[in-house]
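Dear colleague,

I am passing on the structure below for you to look through at your own pace. My notes on what was found in it follow underneath.

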Amino acid sequence: MPTQPTPLRVAIIGTARRSDYLYGPILHALPTDVELVAVWGRSEASAKRLGESLGAPYYTDLDKLVRETAPQIGIVSVTYAANGEVGLMAVEAGLHVLLETPIAHKLSEADAIIAAAEKRGLKIEVAEQFHRRPLEAVKLKLLATGLFGTVHSAFNDFAGHGYHGVSVMRSYLGFDARPVQVTGAVKEYPLTAHWSRLRNETAPRNESQEHGLIEYDDGRLGIFHWTNVGYDSPLRWWRSSRFLAEKGMGITVGVGLEVQEWLSLLASGGEAPRFVTLERRWERVDGGALIAMVAHTGDPELPVVTWENPFRPPKQGHGPDWQDDVIGVAGCLMSLVEAVRNGTEPSYGPFQARLDQEIIVAIRESSKQGGQPIALPIDPASQTV
């Protein structure tokens with residue numbers, strides 16, 4: 001009987017809200033793979049609060065944490081602006097790291113983190129979970145079968161902000177595809193007074209819209225749209241991502257988080273669309289954990305394509321019952337765990353994360369220059385936004 005691998009020792013570096021409500025519970029739910037051994041915070045109060053909540057020793061001295069608890073992996077979860085600084089600190093402390101998004105705001109900071117990890121032989125994964133969510137994962141599995149042929153263009157239409165939205169768009173074209181030029185427009189507009197769910201207030205707001213055209217070396221296109229009020233304004237309820245392919249298309253139609261997937265191939269005779277049916281399979285007839293996403297294609301040679309939830313319970317009722325986004329984040333963590341165990345590379349990794357951020361930087365730089373196209377790659381020293 002094969003022996004179970006020893007769980008990898010993990011420290012949470014930072015006391016951002018996701019450290020407590022997201023990463024701590026994920027670590028506790030995967031005891032055969034990971035073990036939470038410590039948490040770190042800048043202040044005694046925040047570190048103590050997180051440590052007591054998660055039942056782990058807490059530190060404000062990262063070197064002391066590493067000496068006394070010997071973690072192998074650090075999950076960096078800090079305030080948005082501190083990602084690059086603390087990410088580099090964790091790598092320099094000798095830890096394989098799961099970094100929050102973006103990998104860093106400045107491309108030069110991302111490069112410093114990558115170089116420090118390569119120098120020390122350490123692995124980096126980035127918590128870009130959108131393409132790992134079940135609905136996205138089954139679509140990518142469908143695209144990989146070749147049923148849709150070549151994807152010619154892909155869209156982020158308010159499905160996610162910044163690098164998240166870019167990552168969704170790029171996933172349909174393939175993460176190995178090479179973007180070479182970006183043209184962008186960033187515009188500010190006033191909005192009438194309305195309720196903001198995140199701020200819990202009603203007031204006038206200013207909207208910042210970002211639009212980008214991303215050209216690839218093989219002539220394919222990515223189109224990016226985002227509004228900074230897209231997550232919490234009743235004025236901007238649309239949530240969609242799309243791809244247009246050689247043999248069909250796919251479009252997510254949504255109001256907020258309530259989305260439907262419309263995927264179509266060509267019906268027999270070539271005169272109408274044939275819609276793919278997506279089915280969620282649950283642990284029980286009345287719900288429970290997600291077991292799989294099943295696509296019924298209508299294709300006689302490949303009628304069913306299945307994506308299995310890697311976190312489905314091995315025994316009914318004995319395992320995590322997670323919603324889609326948590327499944328995606330847990331997938332990011334396990335990508336790093338498997339890379340550390342097997343000496344391989346994470347499935348997404350720092351270079352993909354850097355490219356997602358680079359495209360957002362290029363959209364903003366292009367707009368700043370009056371809509372002039374920006375060639376990729378960008379010289380990190382030239383970044384001004």
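The largest cavity is lined by Thr101, Pro102, Ile103, Val126, Glu128, Tyr163, Tyr348, Ala353 and Gln357, and please bear in mind throughout that these atoms come from a predicted model. The space in this largest cavity amounts to about 40 Å³, and the count of cavities of 30 Å³ or more comes to 1. By residue class, the lining of the largest cavity divides into 6 nonpolar, 2 polar and 1 charged.

Two of those lining residues, Thr101 and Pro102, also share a backbone feature, since threonine 101 and proline 102 are joined by a cis peptide bond with omega at about -10 degrees. Proline 102 belongs to the loop between β5 (96-99) and α5 (107-120). A cis peptide bond also runs from leucine 376 to proline 377, with omega near 0 degrees, and proline 377 lies in the segment that follows β17 (374-375).

The second largest pocket has a volume of about 670 Å³. Of the 27 residues that line this pocket, those closest to its centre are Pro310, Phe311, Gly331, Met334 and Glu338. Two elements, α6 (134-145) and α8 (324-342), give two or more residues to the lining of the second largest pocket, and α8 gives the most, with 6 residues. The lining of the second largest pocket divides into 14 nonpolar, 8 polar and 5 charged residues.

Met334, one of the residues closest to the centre of that pocket, is also touched by aspartate 33, whose contacts, leaving aside residues up to four places away in sequence, are Pro7, Leu8, Met334, Val337 and Arg341. Aspartate 33 sits in the loop between α1 (17-29) and β2 (34-40). Is aspartate 33 buried or exposed? Its relative accessibility is 16%, and because the cut-off for buried is under 20%, aspartate 33 counts as buried. The side chains of aspartate 33 and arginine 341 are joined by a polar contact of 3.0 Å. The C-alpha atoms of aspartate 33 and valine 337 are separated by 7.6 Å, although the two residues are 304 residues apart along the chain.

Turning to the sheets, 6 strands form an open sheet with parallel pairing, in the order β3-β2-β1-β4-β5-β6. The edges are held by β3 (58-59) and β6 (124-126), each of which has a single partner strand, so that one side of each is left without a neighbour in the sheet. Within this order, strand β1 (residues 8-13) pairs with strand β4 (residues 73-76) in the parallel sense over 4 bridges, and isoleucine 13 stands opposite valine 76 in β4.

Antiparallel pairing is found around strand β12 (residues 248-255), whose covered face consists of Gly248, Gly250, Thr252 and Gly254, while Met249, Ile251, Val253 and Val255 make up the uncovered one. Strand β11 (residues 240-245) pairs with β12 in the antiparallel sense over 4 bridges, and these two strands form a hairpin with 2 residues between them. In this pairing, arginine 242 stands opposite isoleucine 251 in β12, and isoleucine 251 belongs to the uncovered face of that strand. β12 is likewise joined to strand β13 (residues 258-266), by 7 bridges and in the antiparallel sense, with methionine 249 standing opposite serine 264 in β13. The hairpin of β12 and β13 has 2 residues between the strands, and in it glycine 256 takes a positive phi near 60 degrees.

Positive phi values also occur in residues other than glycine. Alanine 70 has a phi near 50 degrees and is placed in the loop between α3 (62-69) and β4, where its relative accessibility of 42% makes it count as partly exposed. Asparagine 200 has a phi near 55 degrees and is placed in the loop between β8 (179-196) and β9 (201-216); at 59% relative accessibility, asparagine 200 counts as exposed.

With best regards

Notes:
Residues are numbered from 1 along each chain as its sequence is written. This is a predicted model: local features need pLDDT of at least 70, side-chain atom pairs count only at pLDDT 80 or more; totals for chains, interfaces and linings use all residues. Side-chain values use heavy atoms; hydrogens and water are left out. Buried means under 20% relative accessible area, exposed over 50%, partly exposed in between (1.4 Å probe, protein chains only). Two strands pair if DSSP finds at least two bridges between them. On a 1 Å grid over the protein atoms alone, a cavity is a set of points where a 1.4 Å probe fits but cannot get out, and a pocket is an open set with protein on both sides within 12 Å along at least five of seven lines; lining residues have an atom within 4 Å of a point. Grid points are joined across faces, edges and corners, and a volume is the space filled by probe spheres set on the points. Ala, Val, Leu, Ile, Met, Phe, Trp, Tyr, Cys and Pro count as nonpolar, Asp, Glu, Lys and Arg as charged, and the others, Gly among them, as polar. Contact means heavy atoms within 4.5 Å. A polar contact is a pair of N or O atoms within 3.5 Å; within protein, one must be able to donate a hydrogen and the other to accept it, and residues adjacent in sequence count only if both atoms are side-chain atoms.
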